[in-house]
Amino acid sequence: MQHVLVTGGAGYIGSHACKALAARGFVPVSFDNLSTGWTQAVKYGPLVRADLLERAAIDAALAEYRPVAIMHFAASSLVGEAMQNPGKYWRNNVLGALNLIEAALAADCRALVFSSTCAVYGEQDGVVLAEDSPLQPLNAYGSTKRAIEEMLRDFGHSDGLRSVIFRYFNVAGSDPEAEIGECHRPETHLIPLMLQAICGERDELVIHGQDYPTHDGTCIRDYVHVVDLVEAHVQGLEWLIEGKEGRVFNLGTGAGFSVREVIDHARAATGRKVPFRLGPRRQGDAASLVSGSQRALRELGWHPRRSSLKLMIQDAWRWHQKGGYDS
Ligand code: NAD
């Protein structure tokens, strides 16, 4: 059995990746400090509870499991927090990644799939973003992800590290069997916030900004189903195992929805009203982020099958109604 080290395997996307890897015959080994993850989300392979800032712990996990590759999801990823406390982001994301890369090379593991983000693009006047669009992040979260991308390229040149870099747009939905789901702490993602407001678990959803240069004044985002997203990761892993060269891929659908449009879809999908109020803009948010994902479709053969807004909300709703994780 081939092992894959999954950093952040107890988190939202990492746990879905573990499920997809296990379904494909790999053994996912979650490496997670549980700072924002959940032990209950680790169902498909062992958990190494440890921190990427401890190099010896990474060395030990690599020596024990000898993975064929690494999927690196672990990061701090709150835009607002990154604006207030950039040091935390440079330390956890960039130093964590550097430790991981150096440990991987020392263990002769030279294939890595990396979670990057559309936040590396920053604001680009509403154009559809392709992989070769300029990188001009608006916040420290995006800056750290851009730095890690550069680090991966540098170690590719110096040490033959091969990496597939995925720049995700907004990830949403839950596994359709509702075994695992989206549960951030604190929650800042639109769809789970909406579902909490619908259920009365929070007073209301706050719409951050209504004066953006978009058709209804609210931010536009491109939503991709987590199940489709992790399927691309397994394809990226197989790409590396086949010996292909590193590559960057956007993962989105190419369709942008405003916050107000997502609220309308949620009302239709759940049959419930979404209580909301209008609030000020959130520092560091771009008006519109929409993906050009032709490269992933063409080169990886990626077929996002569940990424309609309706299915994403229905799957998230099913998970939410099951009650989420016990804290
Ligand atoms: P998450 O917070 O649910 O998962 C991150 C996991 O990493 C958590 O389980 C946390 O405990 C772990 N972790 C953090 N720092 C660690 C460290 N130093 N050592 C060990 N474990 C550590 O977040 P998520 O939404 O699943 O995001 C996963 C990745 O995807 C992140 O890198 C994020 O930047 C990226 N991403 C997410 C989205 C999205 O819409 N959710 C969009 C773009 C990019």
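Which residues come nearest to the ligand? Select Asp32, Asn92, Tyr141, Lys145 and His184, since those are the ones, out of 29 residues around the ligand. One thing to keep in mind as you click along: this is a predicted model.

**Stop 1: the ligand**

Keep Asn92 on screen and show its side chain. A polar atom there sits 2.7 Å from a nitrogen atom of the ligand. Next, switch on backbone atoms for Phe73, where a polar one lies 2.7 Å from an oxygen atom of the ligand. Then do likewise for Val171: a backbone N or O atom of that residue is 3.1 Å from an oxygen atom of the ligand.

Now put a surface on the ligand. On its own, the ligand would expose 830 Å², and the protein buries 96% of that.

**Stop 2: the shell around it**

Colour by secondary structure and pick out helix H1 (12–23), strand E5 (111–117) and helix H5 (140–159). These are the elements that give two or more residues to the shell around the ligand. E5 has the largest share, with 3 residues.

Recolour the shell by residue type and what do you get, counting nonpolar, polar and charged residues? The split is 13 nonpolar, 13 polar and 3 charged.

**Stop 3: the two domains**

Zoom out and make two selections. The domain assignment puts 3–172 + 223–250 in domain 1 and 190–221 + 254–322 in domain 2. Drop a marker on each C-alpha centre and you'll find the markers 23 Å apart. The contact takes 32 residues from domain 1 and 32 residues from domain 2.

How much area is buried between domain 1 and domain 2? About 2700 Å², with carbon and sulfur atoms giving 59% of it. On the domain 1 side, select Tyr223, His225 and Asp228: they lose the most area to domain 2, together 27% of what that side buries.

**Stop 4: two backbone oddities**

Most residues other than glycine have a negative phi, and most peptide bonds are trans. Two places here are worth a click with that in mind.

Go to the loop between strand E8 (170–172) and helix H6 (190–198), where Pro186 has its place. The peptide bond joining Arg185 and Pro186 is cis, with omega at about 0 degrees.

Finish in the loop between helix H2 (55–65) and strand E4 (69–72), and select Arg66. Arg66 is not a glycine, yet its phi is positive, at about 45 degrees.

Methods: Residues numbered from 1 in each chain as written. Predicted model: local features only at pLDDT ≥ 70, side-chain atom pairs only at ≥ 80, totals over all residues. Heavy atoms only, no water. Near = heavy atom within 4 Å. Polar contact = N/O pair within 3.5 Å; in protein donor to acceptor, adjacent residues only side chain to side chain. Areas by Shrake-Rupley, 256 points an atom, 1.4 Å probe, with all protein chains shown as cover. Helix = DSSP H or I, 4+ residues; strand = E, 2+ residues; numbered from the N terminus. Nonpolar A, V, L, I, M, F, W, Y, C, P; charged D, E, K, R; others polar. Domains from an automatic or database assignment. Contact = heavy atoms within 4.5 Å. Buried area = accessible area lost by both parts, 1.4 Å probe.
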